[in-house]
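Biologist: I would like to learn how to read a fold from its coordinates. Can we take one example and go feature by feature?

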Amino acid sequence: MLRLNHLRLSIFNACKVSNYTNLDFATKKQFRSQMANYTTSSSSSSSSSNLLFRQLFEKESSTYTYLLADLTHPDKPALLVDPVDKTVDRDISIVEELGLKLIYAINTHVHADHVTGTGLLKSKVEGVKSMISKASNSKADLFVEHGDKIQIGNLFLEVRATPGHTAGCVTYVTGDGLDQPQPRMAFTGDALLIRGCGRTDFQGGSSSQLYKSVHSQIFSLPKDTLVYPAHDYKGFTVSTVGEEMLYNPRLTKDEETFKNIMENLQLSYPKMIDVAVPANMVCGLQDVTKDPTKPL
Ligand SMILES: N[C@@H](CCC(=O)N[C@@H](CSS)C(=O)NCC(=O)O)C(=O)O
């Protein structure tokens, strides 16, 4: 296993983050407004930061892929969260048009409804490293665990373990600090969907675990944190932690009611599950036109 020591936040940055955390609300607000005056506005989110952000959609599986890059760094380093094999060429073309350098293709979990684009991206873009949680037991170049920090330029994503939809699900959260996007952004995968959540009936899923994950790791974030899920089936694009704490029809309930709801969803299995899971266990490196049950 390749550990992420080289990706961990430097002590220097960690100090800045913890100092900021200790400030009172009024001082934080003053600092944020000062920062807004001299940072580049992000391209398509409400954040004021050095971040370039794009939400991209794959319509067959209703999957969101997210592109993040640090525009202030000379290399404009970028990463993709949850790329889909079918839309890899689109993703590469936007990366090239914007002059970004794609360094990571990362997954929130082993998807069951589509094949990840990480394998194709690795074969088409030199130097890209695939990444997934160690707990997923999947193949990749790099593995993350709870508490790790993934750095792109001067921006970073914090890794929060949010098992329950699958055993290896993680949520990636933008950093907490003066120099990081405000409000924060949480890429929740299938743990938390807008007014919903991921199913828990296969891949080591557990409704009890999902309930605890969302409450302890996502609902504990600031209420203005933007929630960006891996899927939406109703046309929603973004929510906030505060909104989901108030209006999520499943996760606002007590744990017993939640478990009951999840046991009675009666969803049919994803159409692609028998192809997608074996392919995604090797981070999409497998040629899915061949027998997915055969080793590489
Ligand atoms: N019909 C789709 C699969 C839909 C589905 O099961 N979505 C999953 C996330 S992808 S494994 C889910 O957790 N849905 C929760 C919900 O409440 O809808 C297909 O055939 O691919």
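Biologist: Among contacts in the protein between residues at least 6 apart in sequence, what percentage join residues at least 24 apart?

Modeller: The answer is 61%. Keep in mind that this is a predicted model.

Biologist: What does the protein contain in helices and strands, and how much of it is buried?

Modeller: The protein has 8 helices and 14 strands. Of its 296 residues, 47% are buried.

Biologist: How do I read a sheet?

Modeller: Start with the general idea. Strands of a sheet pair through backbone hydrogen bonds, and the pairing is parallel or antiparallel. Now the case here. One open sheet has 6 strands, in the order β1-β2-β3-β4-β5-β6, and its pairing is mixed. At the edges sit β1 (51–58) and β6 (142–144), each paired on one side only. On average, neighbouring strands in this sheet are turned by 25 degrees against each other, direction ignored.

Biologist: How many bridges join β5 to β6, and do they run parallel or antiparallel?

Modeller: Strand β5 covers residues 129–133, and 3 bridges join it to β6. The two run parallel. For a residue pair to look up, take S133, which stands opposite V144 in β6.

Biologist: Next, the core. What is the general idea?

Modeller: In soluble globular proteins, nonpolar side chains tend to be buried together. In this model, the largest nonpolar core holds 62 residues. L68, A78, L79 and A186 touch the most other members. Another core lies apart from it, with 6 residues, including V110, V115, A276 and V277.

Biologist: Which residues does A186 contact, leaving aside neighbours within four places in sequence?

Modeller: They are T171, V173, I218, L221, T225, L226, V227 and Y228. One of these, L226, belongs to strand β13, residues 226–229.

Biologist: Why does L226 count as buried?

Modeller: Count the C-beta neighbours. L226 has 21 of them inside 10 Å. The cut-off is 20 or more, so L226 counts as buried.

Biologist: How far is the C-alpha atom of L226 from that of S62?

Modeller: The separation is 19 Å, and the two residues are 164 apart along the chain.

Biologist: Last, the ligand. How many residues surround it, and which are the closest?

Modeller: The ligand is surrounded by 13 residues. The closest are D113, G198, R199, P270 and K271.

Biologist: How does that shell divide by residue type?

Modeller: It divides into 5 nonpolar, 4 polar and 4 charged residues.

How values were computed: Residues are numbered from 1 along each chain as its sequence is written. This is a predicted model: local features need pLDDT of at least 70, side-chain atom pairs count only at pLDDT 80 or more; totals for chains, interfaces and linings use all residues. Two strands pair if DSSP finds at least two bridges between them. Helices (H or I, at least four residues) and strands (E, at least two) are DSSP runs, numbered from the N terminus. Axes are lines fitted to C-alpha atoms, for helices over the stretch in contact, and angles run from 0 to 180 degrees between N-to-C directions. A residue is buried if 20 or more other C-beta atoms lie within 10 Å of its own, exposed if 12 or fewer, and partly exposed in between; C-beta atoms are placed from the backbone. A residue is near a molecule or strand if its C-beta atom, placed from the backbone, lies within 6 Å of it. Ala, Val, Leu, Ile, Met, Phe, Trp, Tyr, Cys and Pro count as nonpolar, Asp, Glu, Lys and Arg as charged, and the others, Gly among them, as polar. A nonpolar core is a set of buried Ala, Val, Leu, Ile, Met, Phe, Trp, Tyr and Cys residues joined through C-beta atoms within 7 Å. Two residues are in contact if their C-beta atoms, placed from the backbone, lie within 7 Å.
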